[in-house]
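The following paragraphs walk through a protein model and the ligands placed in it. Please keep the sequence and the structure in view while reading.

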Amino acid sequence: MTITIGLPSKGRMKDDASAIFEKAGMKIVAVGNDRSYRGRVEGADDIEIAFLSASEISREIGAGTVDFGVTGEDLIREGLAEADSRVEICARLGFGHADVVVAVPEIWLDVDSMADLGDVAADFRARHGRRLAIATKYWRLTQQFFSRQHGIQLYRIVESLGATEGAPAAGQADIIVDITSTGSTLKANHLKILSDGVILRSEACLVRARKAEHEGNAAVARIIEAVRAIL
Ligand SMILES: Nc1ncnc2c1ncn2[C@@H]1O[C@H](COP(=O)(O)OP(=O)(O)OP(=O)(O)O)[C@@H](O)[C@H]1O
Ligand SMILES: O=P(O)(O)OC[C@H]1O[C@H](OP(=O)(O)OP(=O)(O)O)[C@H](O)[C@@H]1O
């Protein structure tokens, strides 16, 4: 069986992901020229590398078209329903740290927690004639956190594909759910994170598609062991 590993082809995780594999004794070499989206591991003919974007990796692992991948936990949990039954997080890799958070305008002085936000959502329609609007690209995580974990049902999600932090000032939404690492984008947009508003602490992970053929496969076990050994 050939084992396919999805690695980031671009973006902030690209270099660190390749470096982890190299450190673990799996040197990645491109097949063909530098712009090729296929690679292999030196000395391991049974491993193939597919270079994909971080969010494609999450999707392909869910579909089982790659066996392993390196991507952010946020993209796994946002991209896949019932993620834990479909994929295994084999290792947390120590880079690509970012938190998915609920942030509200700093001037909402009496809103500090999800309970406070629940109160605001409950009488938002009476006060403003519409539901509380949340700008985000994290639909699934937002719904799980608001509806299932906090019992907040009265809101509307406004899809945002970029510059999410600007949505409240632009009047497109009231609050946001987005990723933050240093916090400087939130600050620049006068937003604050709620005290219990961290939905997920994400980082880059080695993720495996749960497949029957992996059971008892020595090469699969070796890849996991090699990566874990250097962390
Ligand atoms: N400051 C940050 N902003 C956004 N994402 C970050 C940040 N720090 C780490 N990450 C993580 O990086 C991953 C996304 O990486 P990147 O933005 O490089 O992907 P991408 O190449 O843009 O993918 P795609 O084009 O498919 O969206 C996510 O898992 C995210 O959690
Ligand atoms: O907390 P901070 O350190 O300020 O980082 C957070 C910001 O960084 C990312 O945007 P980026 O500009 O990287 O663009 P992208 O979302 O298109 O990757 C992310 O979407 C946030 O807006």
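Strand 10 gives the largest share of the shell around ligand 2, namely three residues. The model is a predicted one. Strand 10 is not alone in this role, for helix 8 (184–188) also supplies at least two residues of that shell. The residues that surround ligand 2 are Gly162, Glu165, Asp178, Ile179, Thr180, Ser181, Thr182, Gly183, Ser184 and Thr185. Sorted by class, this shell has seven polar residues, two charged ones and one nonpolar one.

Strand 10 leads on to the sheet it belongs to. This is an open sheet of five strands with mixed pairing, and its order is 9-8-10-7-11. Which strands stand at the edges? They are strand 9 (155–159) and strand 11; each has a single partner strand, so one side of each is left without a neighbour in the sheet. On average, and with direction ignored, neighbouring strands here are turned by 25° against each other.

Strand 7 can be followed to both of its neighbours. With strand 10 (residues 175–180) strand 7 runs antiparallel, and five bridges join the two. In this pairing alanine 103 is placed opposite isoleucine 176 of strand 10. With strand 11 (residues 191–202), strand 7 (residues 98–105) pairs over seven bridges, again in the antiparallel sense. Here alanine 98 faces serine 202 of strand 11. In general, strands of a sheet pair through backbone hydrogen bonds, which may be parallel or antiparallel in arrangement.

A helix also lies across this sheet. Helix 5 (residues 114–122) crosses strand 7, strand 8 (132–136), strand 9 and strand 11. Its direction is at about 115° to strand 11.

The domain division puts these elements in context. Domain 2 covers 98–202, while domain 1 is made of two segments, 3–96 and 203–229. The C-alpha centres of the two domains lie 32 Å apart. Where they meet, seven residues of domain 1 are in contact with eight residues of domain 2. On the side of domain 1 that touches domain 2, the largest share comes from helix 3 (residues 73–79), with four residues. What classes of residue make up that side of domain 1? There are five charged and two polar residues, and no nonpolar ones.

A second sheet can now be traced. This open sheet has seven strands in the order 2-3-4-1-5-12-6, and its pairing is mixed. Strand 2 (28–30) and strand 6 (87–92) are its edge strands; each has a single partner strand, so one side of each is left without a neighbour in the sheet. The average turn between neighbouring strands of this sheet is 35°, direction ignored.

Within the seven-stranded sheet, strand 5 (residues 68–72) and strand 12 (residues 204–209) run antiparallel and are joined by five bridges. Valine 70 stands across from leucine 206 in strand 12. Helix 2 (residues 54–63) lies across strand 1 (3–8), strand 4 (44–52), strand 5, strand 6 and strand 12. Relative to strand 5, helix 2 runs at about 135°.

Helix 2 leads to the other ligand. In the shell around ligand 1, helix 2 has the largest share, three residues. Helix 2 and helix 3 each supply at least two residues of this shell. How many residues surround ligand 1? There are 16, and the closest of them are Gly11, Ser53, Ser55, Gly72 and Ala98. By class, the shell around ligand 1 divides into seven polar, five nonpolar and four charged residues. Domain 1 and domain 2 both give residues to this shell, so ligand 1 lies between them.

An annotation can be set beside this picture. In an unreviewed entry, UniProt lists residues 54–228 as "domain: ATP phosphoribosyltransferase catalytic". In the model, the end C-alpha atoms of that span lie 21 Å apart. The span is 35% helix and 30% strand.

Definitions and conventions. Residues are numbered from 1 along each chain as its sequence is written. Chains are lettered from A and ligands numbered from 1 in the order in which they are written. This is a predicted model: local features need pLDDT of at least 70, side-chain atom pairs count only at pLDDT 80 or more; totals for chains, interfaces and linings use all residues. Two strands pair if DSSP finds at least two bridges between them. Domain bounds come from an automatic or database domain assignment. Two residues are in contact if their C-beta atoms, placed from the backbone, lie within 7 Å. Ala, Val, Leu, Ile, Met, Phe, Trp, Tyr, Cys and Pro count as nonpolar, Asp, Glu, Lys and Arg as charged, and the others, Gly among them, as polar. A residue is near a molecule or strand if its C-beta atom, placed from the backbone, lies within 6 Å of it. Axes are lines fitted to C-alpha atoms, for helices over the stretch in contact, and angles run from 0 to 180 degrees between N-to-C directions. UniProt positions are given in the numbering used here, feature names are shortened, and annotations may be inferred rather than shown by experiment.
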